[in-house]
Amino acid sequence: MYHSHQYPLPCLYCHPHSYIRMVQNLIERCLLFHMSQDQCIKALAEHAGIKPLVTLTVWKELQKENKEFFRDYFQVTTPTRRPFFSRYCKRGPSSARRKNWK
């Protein structure tokens with residue numbers, strides 16, 4: 001099966017290991033931005049053209065391999081666990097700064 005590419009990204013069918021590694025790296029970037037699983041799936045689909053099922057599968061494998069990390073990650077990124085950060089995001093950064101200056 002021949003696959004033509006417009007840009008040099010690994011192909012899931014031609015180079016599955018490289019492709020999965022690329023998806024893993026993109027998921028790790030999403031984690032740096034404290035994105036949820038759904039946000040990550042949507043971002044990779046929109047911006048990298050990665051099928052949601054692929055992202056979900058790689059995410060689940062990462063979760064299996066890194067249980068403690070994801071347990072802590074979900075505690076930090078869950079809005080109910082971050083009352084200060086949630087309030088800050090609702091008000092927006094400019095109003096939060098203004099309040100501190102009064």
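**Why the helices get their labels**

In α1, Tyr19, Met22, Val23, Gln24, Leu26, Ile27, Cys30 and Leu31 are the buried residues. The model discussed here is predicted.

Student: What do the buried residues of α1 pack against?

Tutor: They pack against α2, α3 and α4, the last of these covering 67–77.

Student: How many helices and strands are there in the chain?

Tutor: The chain has six helices and zero strands. Along the sequence, that reads as α-α-α-α-α-α. Of its 102 residues, 25% count as buried.

Student: How do you know that the span of α1 agrees with what a helix should have?

Tutor: Let's check it together. Helix α1 runs over residues 16–32, which is 17 residues, and at 1.5 Å a residue it should span 24 Å. The C-alpha atoms at its ends are 24 Å apart, so the two values agree. After α1 comes His34, with a positive phi near 55°.

Student: Why are α1 and α2 called oblique to each other?

Tutor: Start with the angle: their axes cross at roughly 125° and come within 10 Å. Roughly perpendicular covers 65 to 115 degrees, and roughly antiparallel needs over 145. An angle of roughly 125° fits neither range, and α1 and α2 are therefore oblique. Their crossing is right-handed.

Student: Which residues make that contact, and how do they divide into nonpolar, polar and charged?

Tutor: On the α1 side are Leu26, Ile27 and Cys30, while α2 brings Cys40, Leu44 and Ala48. They divide into six nonpolar, no polar and no charged residues.

Student: What makes α2 oblique to α3?

Tutor: The same kind of check works here. Helix α2 (residues 37–48) packs with helix α3 (residues 52–65) at an angle of about 135°, and their axes are 9 Å apart. That angle makes α2 oblique to α3, because it falls between the upper end of roughly perpendicular, 115, and the 145 that roughly antiparallel must exceed. Here too the crossing is right-handed.

Student: Where do α2 and α3 meet?

Tutor: Gln37, Cys40, Ile41, Leu44 and Ala45 in α2 meet Pro52, Thr55, Leu56, Trp59 and Gln63 in α3. This contact has seven nonpolar residues, three polar and no charged.

Student: Why is α3 called roughly perpendicular to α4?

Tutor: Their axes are 5 Å apart and the packing angle is about 105°. That value lies within 65 to 115 degrees, which makes α3 roughly perpendicular to α4.

Student: Which residues of α3 and α4 meet?

Tutor: From α3 they are Trp59, Leu62, Gln63, Lys64 and Glu65, and from α4 they are Lys67, Phe70 and Phe74. This contact divides into four nonpolar residues, one polar and three charged. Trp59 and Gln63 also belong to the contact of α2 with α3.

Student: Why does Thr55 count as buried?

Tutor: Buried means under 20% relative accessible area. Thr55 is at 0%, so it counts as buried. You will find Thr55 in helix α3.

Student: Which residues is Thr55 in contact with, leaving aside its neighbours within four places in sequence?

Tutor: Thr55 is in contact with Val23, Ile27, Cys40, Ile41, Leu44 and Ile50. Val23 and Ile27 are among the buried residues of α1, and Cys40, Ile41 and Leu44 are in α2.

Terms used. Residues numbered from 1 in each chain as written. Predicted model: local features only at pLDDT ≥ 70, side-chain atom pairs only at ≥ 80, totals over all residues. Heavy atoms only, no water. Axes fitted to C-alpha atoms, helices over the stretch in contact; angles between N-to-C directions. Helix = DSSP H or I, 4+ residues; strand = E, 2+ residues; numbered from the N terminus. Parallel < 35°, antiparallel > 145°, perpendicular 65-115°, else oblique. Left-handed = near helix turned anticlockwise from the far one by under 90°. Contact = heavy atoms within 4.5 Å. Nonpolar A, V, L, I, M, F, W, Y, C, P; charged D, E, K, R; others polar. Expected span 1.5 Å × (residues − 1). Buried < 20%, exposed > 50% of the residue type's maximum accessible area, 1.4 Å probe, protein only.
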